[in-house]
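This report introduces a protein chain to a reader who has not met it before. Please examine the sequence and the structure shown here before reading on.

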Amino acid sequence: MMAVHEEPSGGERGRAVADRVPIFSLFGAEVISSLGNNITHPGGAWLVLVTTGSPVRTSLTGAAMGSGRPLAALLSGPLVDRLGFAAGCP
């Protein structure tokens, strides 16, 4: 075991960095995914506006695209309360 005041050797430092690669990869994938979702929402409504020229269809599309997460949050809360958190885990 290494004493508290000792500096880790090169091999130990390399293993410590290698152990962190998966979490940084996960963070990077999450950033890319969130960016794509945030670009898609106004992009879909804009596409409907450009192709149809109808502000009513554009607003309906925007409402439909934006209602997914809140509906899932509202409906999943009571479901988790009834079934328990571990029921959804494999």
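What percentage of the 90 residues of the chain count as buried? The figure is 7% in this predicted model. The accessible surface of the chain comes to about 7500 Å², and carbon and sulfur atoms account for 69% of that area.

The secondary structure consists of three helices and zero strands. Read from the N terminus, the order of the elements is α-α-α.

Helix 2 and helix 3 form a contact, which the following table describes by its two partners.

| Helix | Residue range | Residues in the contact |
|---|---|---|
| Helix 2 | residues 55–66 | Ala64, Met65, Gly66 |
| Helix 3 | residues 68–83 | Gly68, Arg69, Pro70 |

The axes of helix 2 and helix 3 come within 5 Å and cross at roughly 35 degrees. By character, the residues of this contact comprise three nonpolar, two polar and one charged.

Helix 3 may be considered further. Its 16 residues should span 22 Å at 1.5 Å a residue, and because the end C-alpha atoms of helix 3 are 22 Å apart, the two values agree. Helix 3 nevertheless bends by about 25 degrees at Ser76, and the proline Pro78 follows within four residues. After helix 3 comes Gly84, with a positive phi near 95 degrees.

Definitions and conventions: Residues numbered from 1 in each chain as written. Predicted model: local features only at pLDDT ≥ 70, side-chain atom pairs only at ≥ 80, totals over all residues. Heavy atoms only, no water. Axes fitted to C-alpha atoms, helices over the stretch in contact; angles between N-to-C directions. Helix = DSSP H or I, 4+ residues; strand = E, 2+ residues; numbered from the N terminus. Contact = heavy atoms within 4.5 Å. Nonpolar A, V, L, I, M, F, W, Y, C, P; charged D, E, K, R; others polar. Buried < 20%, exposed > 50% of the residue type's maximum accessible area, 1.4 Å probe, protein only. Areas by Shrake-Rupley, 256 points an atom, 1.4 Å probe, with all protein chains shown as cover. Expected span 1.5 Å × (residues − 1). Bend = angle between axes of the 7 residues up to and from the residue.
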